[in-house]
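Here is a friendly walk through the side-chain contacts of this protein, arranged by topic for quick reading. Keep the structure open beside you as you go.

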Amino acid sequence: MMKALMFGLAMATLAVPSHAKEPAALAAHYEFFVGGFRIAEVALNASASDQTYEAHSNVVTRGVLEVLLRGRSASRASGKRGAFGQLVPTGFTSRYSSRTGEQKIIIAYEGASPAEVVFEPEATDSDQHAKQRERMGSLDPLSAAVAALMPTTATDLCNRTIPIFDGKRRFDILFMPPDPARFDESAPAPKWHRPLTRCLGVYERIAGFGKESLSNQRYFPFDIWFEDSGNGIFRAVRLAGSTKLGFAIGNLRIAK
């Protein structure tokens, strides 16, 4: 579930109006907490025009996770816009390192679907990864970040499904109208200087997780608040949801 929350922030960062003539750019920095203790930081940068887009991100563990894991990841994606404004990825690269080793993932695309995945070093569990037929029409995580908020009205923010393939796993991120039953102190609304729209998010496992993982749990709900900047760009301000480590909150850090 922690990965679901971090990905939710990553993909809910940028919305670019389909009618935009000038490139829209955004830089955002997020901090994640469990039980009041900081555990990770996520830095995101993205830009998109009516013809192309690109994005890159960095994730760094902090606190107790830094002591136990010392994880670092850096990802980059780029692509073009299709005839109807849809995103068509052309390349995705991600590097991950921890105390146990490093791995690089490269995804190449053909049309609108992942065509080839390269692991350095070679993956030892490739037989468990999502199959080619299960990847069709899916975006890499950072292309999904650019695509996530294409709707330019707050109403549309909570009525979408984004299909994603990260090189191993196929999953969906769903945004739906908020669940009144989740409006409690465990998921407090942020105090913010702009209007916010709250949605119910769901991370749904599709393929590449192993039979045991899918049988244990498939859906991971979380709450998310979006900022309407007033110029067609929306940002995720806060995510909140339960994880194996405890209740986690991710906040957009305000530059001082």
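R38 is partly exposed, because its relative accessible area of 34% falls between the limits of 20% and 50%. Its side chain meets that of E41 in a salt bridge, at 2.4 Å from N to O. Please bear in mind that this is a predicted model.

**Salt bridges**

- The partner of R38 sits in another setting: E41 has a relative accessible area of 9%, so E41 is buried.
- R38 and E41 also belong to a network of salt bridges, which links them with E31, R62 and R253.
- Across the structure, the count of salt bridges comes to twelve.
- One of them joins the side chains of R169 and D166, with N and O 3.1 Å apart. D166 counts as buried because its relative accessible area is 12%.
- Another brings together the side chains of R194 and E227, also at 3.1 Å from N to O. R194 lies in the loop between strand 9 and strand 10, while E227 lies in strand 11, so this salt bridge ties together parts that are 33 residues apart in sequence.

**Around E227**

- How buried or exposed are the two ends of the R194 and E227 bridge? R194 is partly exposed at 33% relative accessible area, whereas E227 is buried at 1%.
- The side chain of E227 has a further partner to look at: it makes a polar contact of 2.7 Å with the side chain of W192.

**The disulfide**

- The structure has one disulfide. It is formed by C158 and C199, whose sulfur atoms are 1.8 Å apart.
- Turning about the S-S bond gives -75°, and the link of C158 and C199 is left-handed.
- Which parts of the chain does this disulfide tie together? C158 is in the loop between helix 5 (154-157) and strand 8 (160-165), and C199 is in strand 10, so the pair ties together parts 41 residues apart in sequence.
- C158 counts as buried, with 7% relative accessibility. C199 counts as buried too, at 0%.

**Aromatic pairs**

- The structure holds three aromatic pairs.
- In the pair of F171 and Y203, the ring centres are 4.9 Å apart and the planes stand at 25°, so the pair is stacked.
- F171 belongs to strand 9 (residues 170-176) and Y203 to strand 10 (residues 196-207), so their pairing ties together parts that are 32 residues apart in sequence.
- F171 counts as buried at 3% relative accessibility, and Y203 counts as buried at 5%.
- F175 and F226 form an edge-to-face pair, with 5.6 Å from centre to centre and 75° between the planes. F175 lies in strand 9 and F226 in strand 11 (residues 219-228), so this pair ties together parts 51 residues apart in sequence.
- Both F175 and F226 are buried.
- Ring pairs also link F171 and Y203 with F220 into a cluster.

**A nonpolar patch on the surface**

- V64, V67, L68, L69 and Y96 make a nonpolar surface patch of about 480 Å².
- Which element gives the largest share of the nonpolar patch? That is helix 2 (residues 63-68), which contributes three residues.
- Y96 comes from strand 5 (residues 87-98). With a relative accessible area of 36%, Y96 is partly exposed.

Notes. Residues are numbered from 1 along each chain as its sequence is written. This is a predicted model: local features need pLDDT of at least 70, side-chain atom pairs count only at pLDDT 80 or more; totals for chains, interfaces and linings use all residues. Side-chain values use heavy atoms; hydrogens and water are left out. Rings of Phe, Tyr and Trp (its six-membered ring) pair if their centres lie within 6.5 Å; planes under 30 degrees apart count as stacked, over 60 as edge-to-face and the rest as tilted. Helices (H or I, at least four residues) and strands (E, at least two) are DSSP runs, numbered from the N terminus. Buried means under 20% relative accessible area, exposed over 50%, partly exposed in between (1.4 Å probe, protein chains only). Patches are made of residues with over 30% relative accessible area and no salt bridge: like charges are joined within 9 Å, nonpolar side chains (Val, Leu, Ile, Met, Phe, Trp, Tyr) within 5 Å. Accessible areas come from the Shrake-Rupley method with a 1.4 Å probe; for residues, only the protein chains shown count as cover. A salt bridge is a side-chain nitrogen of Lys or Arg within 4 Å of a carboxyl oxygen of Asp or Glu. A disulfide is a pair of cysteine sulfur atoms within 2.5 Å. A polar contact is a pair of N or O atoms within 3.5 Å; within protein, one must be able to donate a hydrogen and the other to accept it, and residues adjacent in sequence count only if both atoms are side-chain atoms.
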